[in-house]
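The following explanation proceeds from the chain as a whole to its ligand site and then to several points of backbone geometry. The reader is invited to keep the sequence and the model in view throughout.

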Amino acid sequence: MTAAQLEMPLARRALVGSVIDASTALLAEQQHDIVRFAMGAPSEDLMPLEGLDEAFARARHGRYDYGESEGDPRLREEILRLSNAAGVPTAPDRLLVTTGGMQGLDLAFKLCVDPGDLVIVEAPTYTNGNATALSYGAEVLGAPTDEHGLVVEELPGLVERAGRTPKAIYTIPNFQNPTGVTMSLERKRALVELAERWGCVIIEDDPYGMLRFGGSEIASLAEIAPGHPLVFQVRTFSKIIAPGLRVGWIDVDPAVRELAINAKQAMDTCTGVPAQNAVANFLEDGLLEPHLERLKPIYRERKEAMRRELASAFGDRVRVTDPDGGFFLWTTFTGDLAGIDTEDLFAGALAEGVAYIPGPAFTVDGSMRDALRLCFATSSPERIAEGVGRLKRAIDASLGMRSGGGAA
Ligand code: PMP
C-alpha cells in the first residue's frame with residue numbers, strides 16, 4: 001500500500017525500508033534448519049558474553065536516569081582513547097555517542113541532505129545507508145567499485161554527466177558492506193581532494209575497520225584527513241562487540257556535532273543509558289583488544305573456508321572477492337551461471353536451508369541480479385560447507401527447471 005492510498009495524510013517523504021532487516025523477520029519465522037549467510041552479525045558464540053554480563057552487572061549509580069544526549073562521559077573518554085590508539089586523533093568535542101551506527105547514518109543524512117540533493121553511493125552499497133539517503137529525499141547515484149573500492153577516478157566524469165556536484169558521498173571504505181573490499185590509500189586521498197573541490201561531505205561509514213585479519217594496514221579517511229571539516233565519520237560497536245547493544249558513535253567537526261546533538265534530541269533524547277554504561281565498563285576493563293585478537297584468526301579461517309567451498313562447488317563459474325577483514329564475500333555468477341537471478345533463487349535456497357542477501361538489495365537501480373552477499377562471520381567452517389552445499393543444490397534445481405528437465 002502506498003502513502004497515497006492511506007486515510008492518514010502522511011508526509012510526502014518516502015520511508016524506504018530495508019531488505020536486510022526484513023530478512024531477519026523472515027528467517028525468524030522459518031521452522032527448519034537454515035545456514036545463515038544473510039545477516040551481517042557475529043554469532044552469539046563469538047560475543048564476549050561473560051565480559052558483557054559482568055559489565056552490565058557493574059552498572060553505576062544513575063544508570064536508570066535520563067542520561068546526557070552526548071552519551072555517557074566515561075564511554076566518550078574510552079572512545080577517545082580507542083580512536084587515538086588506532087591512529088585517529090580526535091577530541092572530546094567531536095564525539096557523540098549514537099544508538100548504533102544506523103543512528104549515525106540517519107544523523108549524517110538528516111544534517112547534510114535536502115530533498116533533491118545529489119548523493120553518490122558505491123555500487124553496490126549498504127542497503128540501509130542508501131535507504132536513509134532516499135528517505136531524506138536524496139537523488140542517489142551509484143558509482144562503480146572494483147577490488148580497490150570506490151573507483152574515485154570515475155567520479156569527475158559521473159558528476160559531469162549528472163550536471164551538478166554531489167552534496168554528499170557515502171562510502172564504506174574499509175572491508176565494505178557488501179563486497180568486503182577496501183579502498184586504496186591513493187583513492188582515499190583523491191576522494192578527500194574531490195570533496196574539497198566540490199565542497200561536499202564524505203560520509204565515512206566504518207563498522208568493520210578494526211576487524212583486519214590479513215594484508216597490511218591502509219589508513220582510514222579520518223586518519224588521512226584528521227579533523228577534516230568535510231568528513232562525517234560513523235562508527236559502531238555492533239560488529240566488534242555485539243549488535244544488540246545498539247551503541248555507536250560519530251566523529252565530526254565540533255560545530256556539526258552541536259547540530260547532531262539537537263537532531264538526536266528529537267529522535268531519542270538522552271538515549272538508553274544502561275548499554276552505554278556497560279560498554280564503558282567493558283572498554284575500561286581492557287576487554288576489547290583481546291576480544292578483537294581472538295576474533296581475527298577465527299574470521300580469517302571462516303573466510304578461507306567459504307572461498308574454498310565456493311571454489312569447489314562452482315569452480316570458475318563464480319567470481320568471489322577476497323577481503324582482508326570484515327564479514328562479507330561478494331559472489332558474482334559467471335559463465336553458464338551468469339543468467340541466475342539471485343532474487344528468484346532466494347525462495348528455493350531458503351527451502352533448501354540456506355539464506356543470503358540477493359545482489360539487487362545493494363543497488364540503487366535493482367541491478368546486480370547475478371550477485372549475492374554472503375556473510376562468513378556467523379558460521380563455523382562445517383556450517384559454511386553445509387550452507388554452500390545447499391546453495392549448490394538450490395542452483396542445480398533452478399538450472400534444471402530452466403532447461404526444462406527435472407531438478408537435479
Ligand atoms: N553501516 C554498515 C556498513 C553496516 O554494515 C551496518 C550494520 N549492518 C551499519 C552501518 C549499522 O550498524 P548498527 O547495527 O550499529 O546500527
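Helices and strands are here runs assigned by DSSP, with at least four residues for a helix (H or I) and at least two for a strand (E), numbered from the N terminus. On this basis, R246 falls in the loop between β8 (231-236) and β9 (248-251). The model is a predicted one, and the residue will return below in connection with the ligand.

Consider the overall fold. The protein chain contains 13 helices and 14 strands. Its radius of gyration is 21 Å, close to the 22 Å that the globule rule gives for 408 residues, so the chain is as compact as a globular protein of that length. Along the principal axes, the C-alpha atoms occupy a box of roughly 65 × 55 × 55 Å. Of the 408 residues, 54% count as buried. The accessible surface of the chain amounts to about 17400 Å², and carbon and sulfur atoms contribute 53% of that area. Among contacts with a separation of 6 or more, 75% are made by residues 24 or more positions apart.

The ligand is the next point of attention. It is surrounded by 13 residues, of which D205, Y208, T236, S238 and R246 come nearest. By class, this shell comprises 5 nonpolar, 5 polar and 3 charged residues. Helix α4 (residues 100-112) gives the most to the shell, with 3 residues. Several polar contacts can be traced to oxygen atoms of the ligand. A polar side-chain atom of T236 is 2.6 Å from a ligand oxygen, and for a polar side-chain atom of Y208 the corresponding distance is 2.7 Å. M102 takes part through its backbone, where a polar atom lies 2.8 Å from an oxygen atom of the ligand. The protein covers 93% of the 400 Å² of accessible area that the ligand has on its own.

R246, one of the residues that come nearest to the ligand, also has a notable backbone angle. Its phi is near 55°, a positive value in a residue other than glycine. With a relative accessible area of 37%, R246 is partly exposed, because that value lies between the limits of 20% for buried and 50% for exposed.

A second residue with positive phi is F175, which is not a glycine and has a value of about 45°. F175 belongs to the loop between β6 and α7. Its relative accessibility is 2%, so F175 counts as buried. The loop between β6 (168-171) and α7 (185-198) also holds P178. The peptide bond leading from N177 to P178 is cis, with omega near 20°.

Another cis peptide bond joins A123 and P124, with omega about 5°. P124 is located in the loop between β3 (118-123) and α5 (127-135). Both of these residues are in contact with T145, whose partners beyond four places in sequence are E122, A123, P124, L150 and V151. T145 itself lies in strand β4 (residues 139-146). A polar atom of the T145 side chain is 3.0 Å from the backbone oxygen of A123. At 24% relative accessibility, T145 counts as partly exposed. Finally, T145 and S398 are 253 residues apart along the chain, and their C-alpha atoms are separated by 29 Å.

Key:
Residues numbered from 1 in each chain as written. Predicted model: local features only at pLDDT ≥ 70, side-chain atom pairs only at ≥ 80, totals over all residues. Heavy atoms only, no water. Near = heavy atom within 4 Å. Polar contact = N/O pair within 3.5 Å; in protein donor to acceptor, adjacent residues only side chain to side chain. Areas by Shrake-Rupley, 256 points an atom, 1.4 Å probe, with all protein chains shown as cover. Nonpolar A, V, L, I, M, F, W, Y, C, P; charged D, E, K, R; others polar. Rg over C-alpha atoms; globule rule 2.2 N^0.38 Å. Buried < 20%, exposed > 50% of the residue type's maximum accessible area, 1.4 Å probe, protein only. Contact = heavy atoms within 4.5 Å.
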